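This report describes one protein chain from its overall make-up down to selected residues. The sequence and the structure are shown first.

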Amino acid sequence: MTQHGRPSPAPARGPNAAADPRESLRRAVGPGRLLMLWGSAAAGLVGWSLIGLAVASVEDRDPYLVLFAPAYTVLGLGVLLPAGIWWARTARRDREAAGAPAAGPDGAAALRAPGLVLAWRLSSGALLAAGAALVAAAAARAGGDPYAELVQGIGSGAVLAAAGLASRARVRAHRRRVHALTGR
């Protein structure tokens, strides 16, 4: 409270405000962010599955199924696009937060969080490996399978690989920030 009985303003928040190191850790590589990454990867897979269903319905050439292709496409894009927007927004926020003032050496030690960083690294490795495996399996079957299965396999692999690359980029940005704060 100020001397005139009004509440004091809240501390400045935003990309350039000095934040508590624990809050910065939660924003960068916290478990909630990891769950959001996996959730957006799952949403991306569901969206791509719907787009694959649209391709399969056109490929079957059944007049009734072809009518559903636009609906599948719209639903698929309605699920896939928000996941992509989330990845883009968090990447932009990470770049903005990288310019935030340092929290000091004591805060930097709290930011290291080797357990969380390991979880992110294992997560990104699993996503990249699953994406590569899906793309390789789809490419190996490319000659005999219907076109829709090829689209589905390569697209799903690309979604998982994009999630893995986003995870890997987040870990690298976090390590660069910790390195800038500690000098090590």
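The text below covers the overall fold, two serines, two alanines, an aromatic pair and a surface patch.

**Overall make-up**

The model is predicted. The protein contains 7 helices and 0 strands, and its pattern along the sequence reads α-α-α-α-α-α-α. Of its 184 residues, 30% count as buried. The accessible surface amounts to about 11000 Å², and carbon and sulfur atoms account for 65% of that surface. Taking contacts between residues at least 6 apart in sequence, 81% join residues that are at least 24 apart.

**Two serines in contact**

Ser124 belongs to helix H6, which spans residues 114-140, while Ser167 belongs to helix H7, which spans residues 147-182. With neighbours within four places in sequence left aside, Ser124 is in contact with Gly164, Ser167 and Arg168. On the same basis, the contacts of Ser167 are Leu37, Trp120 and Ser124. The two serines therefore appear in each other's contact lists, since contact means heavy atoms within 4.5 Å.

Are these serines buried or exposed? Ser124 has a relative accessible area of 1% and so is buried, as the limit for buried is under 20%. Ser167 is also buried, because its relative accessible area is 0%.

Each serine side chain also has a backbone oxygen close enough to be listed with a distance. For Ser124, a polar atom of the side chain lies 2.9 Å from the backbone oxygen of Arg121. For Ser167, a polar atom of the side chain lies 3.3 Å from the backbone oxygen of Trp120. Trp120 is also one of the residues in contact with Ser167.

**Two alanines**

Ala56 sits in helix H2, residues 31-60, and Ala162 sits in helix H7. Ala56 is partly exposed because its relative accessible area, 25%, falls between the limits of 20% and 50%. Ala162 is likewise partly exposed, with a value of 30%. The table gives one C-alpha separation for each alanine.

| Residue pair | Separation along the chain | C-alpha distance |
|---|---|---|
| Ala56 and Glu149 | 93 residues | 7.8 Å |
| Ala162 and Leu127 | 35 residues | 8.4 Å |

**Aromatic pair**

How many aromatic pairs are there? The count comes to 1 aromatic pair. Phe68 and Tyr72 form this pair, with 6.2 Å between the ring centres and 35° between the planes. The pair counts as tilted because an angle of 35° is neither under 30 degrees, as for stacked rings, nor over 60, as for edge-to-face rings. Phe68 has a relative accessible area of 45% and is partly exposed. Tyr72, at 21% relative accessibility, is partly exposed too; the limit for buried is under 20%, so Tyr72 does not count as buried.

**Nonpolar surface patch**

Which residues form a nonpolar patch on the surface? The patch consists of Leu77, Leu81 and Ile85. Together these residues have about 270 Å² of accessible area. Leu81, one of the patch residues, lies in helix H4, which covers residues 69-97.

Terms used
Residues are numbered from 1 along each chain as its sequence is written. This is a predicted model: local features need pLDDT of at least 70, side-chain atom pairs count only at pLDDT 80 or more; totals for chains, interfaces and linings use all residues. Side-chain values use heavy atoms; hydrogens and water are left out. Helices (H or I, at least four residues) and strands (E, at least two) are DSSP runs, numbered from the N terminus. Buried means under 20% relative accessible area, exposed over 50%, partly exposed in between (1.4 Å probe, protein chains only). A polar contact is a pair of N or O atoms within 3.5 Å; within protein, one must be able to donate a hydrogen and the other to accept it, and residues adjacent in sequence count only if both atoms are side-chain atoms. Rings of Phe, Tyr and Trp (its six-membered ring) pair if their centres lie within 6.5 Å; planes under 30 degrees apart count as stacked, over 60 as edge-to-face and the rest as tilted. Patches are made of residues with over 30% relative accessible area and no salt bridge: like charges are joined within 9 Å, nonpolar side chains (Val, Leu, Ile, Met, Phe, Trp, Tyr) within 5 Å. Accessible areas come from the Shrake-Rupley method with a 1.4 Å probe; for residues, only the protein chains shown count as cover. A salt bridge is a side-chain nitrogen of Lys or Arg within 4 Å of a carboxyl oxygen of Asp or Glu.
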